[in-house]
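User: I am new to this structure and would be grateful for a close look at one part of it, namely the salt bridges and their surroundings. Please describe them in a connected account.

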Amino acid sequence: MERPRHARSHQSLEEDEEEDVVDAMISRTGCMAQHRELQECMAAQQDWRHCQPQVRAFGECMARRQRAEE
């Protein structure tokens, strides 16, 4: 199964490499599952407003991570 991509239709090799860096950073936070769920919703719905539960879950996970680092 191909991993979900950020909402860009035509990506250059440079953009793919930047995306890999973003994915690596998110993976280190422990929030990759929430990020993937959000990406899957965005791919299906094509409108972030329909993905609010996933947006909140990802945001809460990232906030927990940030609080833990403080």
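Analyst: A suitable place to begin is Arg-65, which is partly exposed, with a relative accessible area of 34%. This value, like the others below, comes from a predicted model. The side chain of Arg-65 meets that of Glu-69 in a salt bridge, at 2.9 Å from N to O. Glu-69 itself is exposed, its relative accessible area being 56%. Both residues belong to helix α3, which covers residues 52–69, and they stand four residues apart, about one turn of the helix. An α-helix has 3.6 residues a turn, so residues three or four places apart point the same way.

A search of the whole structure finds two salt bridges. Besides the pair in α3, the side chains of Asp-47 and Arg-49 meet in a salt bridge, with 2.7 Å between N and O. Here Asp-47 is buried, because its relative accessible area of 15% falls under the 20% cut-off. Arg-49, by contrast, counts as exposed at 56% relative accessibility, because exposed residues are those over 50%.

The part of the chain before this pair also deserves attention. Helix α2 spans residues 32–45, 14 residues in total. From its first C-alpha to its last, α2 reaches 20 Å, close to the 20 Å expected at 1.5 Å a residue. Its buried residues are Met-32, His-35, Leu-38, Gln-39 and Cys-41. Just after α2 comes Gln-46, which takes a positive phi of about 60°.

Technical notes:
Residues are numbered from 1 along each chain as its sequence is written. This is a predicted model: local features need pLDDT of at least 70, side-chain atom pairs count only at pLDDT 80 or more; totals for chains, interfaces and linings use all residues. Side-chain values use heavy atoms; hydrogens and water are left out. Helices (H or I, at least four residues) and strands (E, at least two) are DSSP runs, numbered from the N terminus. The expected span of a helix is 1.5 Å times one less than its number of residues. Buried means under 20% relative accessible area, exposed over 50%, partly exposed in between (1.4 Å probe, protein chains only). A salt bridge is a side-chain nitrogen of Lys or Arg within 4 Å of a carboxyl oxygen of Asp or Glu.
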